[in-house]
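Me: I am new to this structure and would like to go through it step by step. Could you take my questions as they come?

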Amino acid sequence: MGTEKGTTYLLFSFFFSIILTIVCQRTVKAQSLPPAKYDGFLYTNHRVDSDKIMIEAFFDPVCPDSRDAWPPLKQAIHHYGSGVSLIVHLLPLPYHDYAFSTSRALHIVNLLNHAATFRLLESFFEYQGRFYNAQTSNKSRDAVVDEIIKLAAETVGNSYYSAIESGFNDRKTDLKTRISFKYSASRGVFGTPTFYINGFAVPDSGSAIDYKQWRSFIDPLLLAQSRKRDDLPHSL
């Protein structure tokens with residue numbers, strides 16, 4: 001990244017973080033009750049509890065860095081099995097034109113068939129170029145949303161087409177997508193991908209983490225857990 005580009009990115013990040021802080025503060029004042037369900041999509045059926053390593057990933061479906069970060073993270077989660085849980089939060093970035101619409105599609109599909117949520121996320125990553133800024137500059141919003149609906153239906157089953165289409169007219173799915181954005185703001189997240197392990201931010205936010213790096217983070221934590229269990233007194 002050149003000096004000029006790097007300076008521009010830092011300035012943008014600074015101002016965007018201020019905006020997120022303001023949004024977060026207004027959210028706290030305007031929303032007296034928290035959402036009924038914790039934000040995010042739980043990957044696989046690994047239940048969340050205090051004995052597991054918890055990874056939280058903040059992704060934008062049309063962010064190239066989020067796309068590149070997913071395969072090594074997925075590989076690590078499958079390597080560790082039930083010892084590690086993953087929750088993916090959506091942060092639709094305002095400088096990605098259809099980040100909100102693709103994120104909304106994921107919330108719609110999750111309501112219809114939660115087992116298909118990550119299949120759709122991977123489809124958005126695979127066909128990201130169809131919805132990324134310049135590719136949509138000469139298309140109307142309705143035309144692009146229709147393409148998003150078609151891809152979602154092709155991914156999870158064409159029988160869901162009408163339900164997905166209706167979901168875009170449902171205020172609840174709009175609110176769910178907004179809550180995801182506000183939740184990210186409440187955590188101070190302003191770029192994707194961003195990762196947390198057991199509630200603590202992973203260094204190098206905004207960049208993909210390769211499989212070897214994930215192993216270097218998680219292996220010591222699992223070893224520490226194992227030693228802690230060995231130190232517990234055994235019952236007679």
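Reply: The turns below go through the strands, the core and the salt bridges of this predicted model.

Me: How many helices and strands are there in the protein?

Reply: The protein has eight helices and five strands. Along the sequence they follow the pattern α-β-β-α-β-α-α-α-α-α-β-β-α.

Me: In what order do the strands sit in the sheet?

Reply: The five strands form an open sheet in the order β1-β3-β2-β4-β5, with mixed pairing. At its edges stand β1 and β5 (200-201), each with a single partner strand, so one side of each has no neighbour in the sheet.

Me: What packs on the sheet?

Reply: Helix α2 does, touching β2, β3 and β4. The direction of α2 makes about 165° with that of β2.

Me: Let us take β3. Are its residues buried or exposed?

Reply: Strand β3 covers residues 84-90, and seven of the seven are buried, so the strand is largely enclosed by the rest of the structure.

Me: Which residues point which way from β3?

Reply: Val-84, Leu-86, Val-88 and Leu-90 point one way, while Ser-85, Ile-87 and His-89 point the other way. Both groups are buried.

Me: Why do they split like that?

Reply: In a regular strand, side chains alternate between the two faces of the sheet.

Me: In what sense does β3 pair with β1, and in what sense with β2?

Reply: With strand β1 (residues 41-42) the pairing is antiparallel, over two bridges. With strand β2 (residues 53-59) the pairing is parallel, over seven bridges.

Me: Which residue of β3 does Phe-41 stand opposite?

Reply: Phe-41 stands opposite Val-88. Val-88 is also the bridge partner of Ala-57.

Me: What do β2, helix α2 and β3 make together?

Reply: They make a right-handed β-α-β unit, in which helix α2 spans residues 64-80.

Me: And at the other end of the sheet, how do β4 and β5 run?

Reply: Strands β4 and β5 run antiparallel and are joined by two bridges. Tyr-196 stands opposite Ala-201 in β5.

Me: Now the interior. How many residues does the largest nonpolar core have?

Reply: The largest nonpolar core has 46 residues. Those with the most contacts inside it are Ile-55, Phe-59, Leu-73, Leu-86, Ile-164, Phe-195 and Trp-214.

Me: Which elements supply at least two residues of this core?

Reply: They are β2, α2, β3, α3 (99-112), α4 (117-126), α5 (141-156), β4 (194-197) and α8 (211-231). The largest share of this core, eight residues, comes from α5.

Me: What is Leu-73 in contact with, leaving aside its neighbours within four places in sequence?

Reply: Leu-73 is in contact with Ile-55, Ala-57, Phe-59, Leu-86, Phe-195 and Trp-214. Apart from the largest core lies another core, of seven residues, among them Phe-58, Leu-93, Val-189 and Tyr-196.

Me: What share of the protein counts as buried?

Reply: Of the 236 residues, 41% count as buried. As for contacts with a separation of 6 or more, residues 24 or more positions apart account for 75% of them.

Me: Changing topic: how many salt bridges does the structure hold?

Reply: The structure holds eight salt bridges. One of them links Arg-187 with Glu-56, where the closest N and O atoms are 3.1 Å apart.

Me: Where do Arg-187 and Glu-56 lie?

Reply: Arg-187 is in the loop between α7 (171-186) and β4, and Glu-56 is in strand β2, so the pair ties together parts that are 131 residues apart in sequence. Arg-187 is partly exposed at 22% relative accessibility, whereas Glu-56 is buried at 6%.

Me: Which salt bridge lies in helix α8?

Reply: Arg-215 forms a salt bridge with Asp-219, the closest N and O atoms being 3.2 Å apart. Both residues lie in helix α8, four residues apart, which is about one turn of the helix. Arg-215 is partly exposed at 26% relative accessibility, and Asp-219 is partly exposed at 29%.

Me: Which residues are linked in a network of salt bridges?

Reply: The network links Arg-171, Asp-174 and Arg-178.

Technical notes
Residues are numbered from 1 along each chain as its sequence is written. This is a predicted model: local features need pLDDT of at least 70, side-chain atom pairs count only at pLDDT 80 or more; totals for chains, interfaces and linings use all residues. Side-chain values use heavy atoms; hydrogens and water are left out. Buried means under 20% relative accessible area, exposed over 50%, partly exposed in between (1.4 Å probe, protein chains only). Two strands pair if DSSP finds at least two bridges between them. A crossover is right-handed if, with the strands pointing away from the viewer, the path from the first strand over the helix to the second runs clockwise. A nonpolar core is a set of buried Ala, Val, Leu, Ile, Met, Phe, Trp, Tyr and Cys residues joined through side-chain atoms within 4.5 Å. Contact means heavy atoms within 4.5 Å. Axes are lines fitted to C-alpha atoms, for helices over the stretch in contact, and angles run from 0 to 180 degrees between N-to-C directions. A salt bridge is a side-chain nitrogen of Lys or Arg within 4 Å of a carboxyl oxygen of Asp or Glu.
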